[in-house]
Each structure stands twice: as C-alpha cells, then as structure tokens.
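Dear colleague,

I am passing a structure on to you, together with some notes on what turned up when I went through it. Please have it open beside this message while you read.

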Amino acid sequence: MVKARSHLCAKMSSSSTTTAMSTSCRDHEDEIEWEMRPGGMLVQKRNDKDDGVPPLLNVRLRILHGVLRYEISVNSQATFGEVKKVLMGKTGLQIGDQKIIYKEKERLNGEYLDRCGVKNRSKLILMEDPSSIERRYIEMCKNARIQTAYRAISDVSMEVDKLTEQVSAIEKSILNGVKVPEIQITTLIEMLMRQAIKLDNISAEGDVYAQKHLQGKRVQRCVETLDVLKISNPLIKPVVVAAKWETFDPPPTTSRWEFFN
C-alpha cells in the first residue's frame, strides 16, 4: 500500500514538472526580444535560425485610411516603422501620428511584417492619432489667424502709402511758401489715426507683430510731420506779386509838308 502511494506521488510529481516546463517554454516563446538598429530604431530581434532563410520578395499591402485606399510595396521582412515611412509620403502624416492596425491589434514600429503574419495582399488599417488631429486643428486655426492678420496689415499698408504721398505733397507746398488750408491737414491726421486704430485691433505675434509694428511707426511719423506743418503753415505770409507795366516811348512824329505851285 505504501509502494502504490509512492508510485502515484512520483507520477504526479513528474506530471507537474512536465506541465511547468511546458508553460515555461510557451512563456519564453511569447516573449519578444528587441535589438537596436544602427539608425536608432528599436526592432524585433531575429533568431540565429532565421539567418539561413533567404530574403523574400516584396509584398503588396492594401492600406485602408478612412475612405481612402492605398496600395504599397515593401519587403516582407520590413518593420511596421518602415511601412509608416512609405505611408508618410502618401498621406502626409508623420510617423508619430500614425497607428497601424493588423488583425485588430496596433503594431509597434519595431515589429517585423513576416513575424506578425503579414503576407502579400494583406490589409492594414491606418489611423491617425487623435492627439495629432487636435494638434493639426489647433495649427490650422493658428495659421488662419496669421493669414487674416497679414491681410489686414496689408490693407492698412496700402492706405498708409496713399496718405504718405499726400503728406509729402503738403510738406513740399509749405516748404515752398505756399499756404495750405488747415482743414486739409486736420483731415489727413484723422485719416491716419483711423489706420492706427485698425492696427491696434489686429492680434499679431512673431513676424506678423513685426509687420504691424513697422506700419505703426510709419503712421506715427506721418502724424508727427503733419503736427509740425500745422504749426508752421499759419506763419507763411502771402506772396504779393506786383505787376510791372512795360512803358513804350511814343514814336517820333515827322511833319510832312505839302507844296503848292
């Protein structure tokens, strides 16, 4: 009776050891080893037994990206990161903004296509990272604001160009001693101040702010010039032009005598 129990325990111990070894082997097979490529990409490490396998030909992959469809050709032993590089040229999405789904699982950049079961004509789903969509939306809104500010500043610049010509004409007249109606100077100052208010209402930063500041300086210089001309304009004395008449001497009179027989 003791021997039977001992034999049974030995069999149970042997069975437990075999099960533990089998579980350990499966865990070891499921574990993925990684290696660093010279380019700095972390990829799935291949075993030594794969070295003797000749490289396969390129495979054509079908890519689904929303309503869009792409078809690309890559090496069967390429990584999903290399697939993303090819898709970046077609979609414009950066590698970090892409997510590739294969067999309902997101694939890492360093995983090999053939290791994951990707074959010729396999279908991959390309998705954009939601955070990338939000960043792009924010960037689009920012660019739209910049373009709007550029157009507004450009409109102000054209108006300032016209007003600057009028200021130059008034300045030239006063320097030449020609008095200008004061209402003309006052009106021109008001028009310049309206452009200054438009500039103040434009929200700008970076290069756009530099353009805005430049136009503001132009308006300020024109207003300062007109303020000086407004003071000097009344001091101009009207020029009196005296008419000088040219006199002519009367022609000499010669007497003509008539002779009678």
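Helix H5 gives seven residues to the lining of the second largest pocket, which is the largest share from any element. Please keep in mind throughout that this is a predicted model. The pocket in question has a volume of about 160 Å³, and the elements that give two or more residues to its lining are helix H4, residues 182-200, and helix H5, residues 207-232. Among the lining residues are Met 193, Ala 196, Leu 199 and Asp 200, and also Tyr 209, Lys 212, His 213, Val 219 and Val 223. Sorted by class, the lining of this second largest pocket holds six nonpolar, three polar and two charged residues.

H5 itself can be checked for its length: at 1.5 Å a residue its 26 residues should span 38 Å, and because its end C-alpha atoms are 38 Å apart, the two values agree. The buried residues of H5 include Val 208, Lys 212, Gln 215, Arg 218, Val 219, Cys 222 and Leu 226, and the buried residues of this helix pack against H3 and H4. Lys 212, Val 219 and Val 223 are thus named both in the pocket lining and among the buried residues of H5.

Helix H3, residues 130-175, has 46 residues and reaches 66 Å from its first C-alpha to its last, which is close to the 68 Å expected at 1.5 Å a residue. Its buried residues include Ser 132, Ala 149, Ile 153, Val 160, Leu 163, Ile 170 and Ile 174, and the buried residues of H3 pack against S6, H4 and H5. After H3 comes Gly 177, with a positive phi near 85°.

Which residues have the most contacts inside the largest nonpolar core? That core has 23 residues, and those with the most contacts inside it are Ile 170, Ile 174, Ile 185, Leu 192, Val 219 and Leu 226. The elements that give two or more residues to this core are H3, H4 and H5, with H3 giving the most, eight residues. Ile 185 shows how these parts meet, since, leaving aside residues up to four places away in sequence, Ile 185 touches Ile 170, Ile 174, Val 180, Leu 226, Leu 229, Lys 230 and Asn 233. There is also a second, separate core of 17 residues, which includes Leu 61, Ile 63, Ile 72 and Cys 116.

Two residues in a loop deserve a look of their own. Lys 103 lies in the loop between strand S5, residues 98-101, and strand S6, residues 123-128, and Glu 104 lies in the loop between S5 and S6 as well. Phi of Lys 103 is near 55°, a positive value in a residue other than glycine, while phi of Glu 104 is near 60°, again a positive value in a residue other than glycine. Are these residues buried or exposed? With a relative accessible area of 58%, Lys 103 is exposed, and Glu 104, at 81%, is exposed too.

As for the whole chain, its secondary structure comes to five helices and six strands, and from the N terminus on the elements run α-β-β-β-β-α-β-β-α-α-α. Of its 261 residues, 25% count as buried, and among contacts between residues at least 6 apart in sequence, 64% join residues at least 24 apart.

With best wishes

Terms used: Residues are numbered from 1 along each chain as its sequence is written. This is a predicted model: local features need pLDDT of at least 70, side-chain atom pairs count only at pLDDT 80 or more; totals for chains, interfaces and linings use all residues. Side-chain values use heavy atoms; hydrogens and water are left out. On a 1 Å grid over the protein atoms alone, a cavity is a set of points where a 1.4 Å probe fits but cannot get out, and a pocket is an open set with protein on both sides within 12 Å along at least five of seven lines; lining residues have an atom within 4 Å of a point. Grid points are joined across faces, edges and corners, and a volume is the space filled by probe spheres set on the points. Helices (H or I, at least four residues) and strands (E, at least two) are DSSP runs, numbered from the N terminus. Ala, Val, Leu, Ile, Met, Phe, Trp, Tyr, Cys and Pro count as nonpolar, Asp, Glu, Lys and Arg as charged, and the others, Gly among them, as polar. A nonpolar core is a set of buried Ala, Val, Leu, Ile, Met, Phe, Trp, Tyr and Cys residues joined through side-chain atoms within 4.5 Å. Buried means under 20% relative accessible area, exposed over 50%, partly exposed in between (1.4 Å probe, protein chains only). Contact means heavy atoms within 4.5 Å. The expected span of a helix is 1.5 Å times one less than its number of residues.
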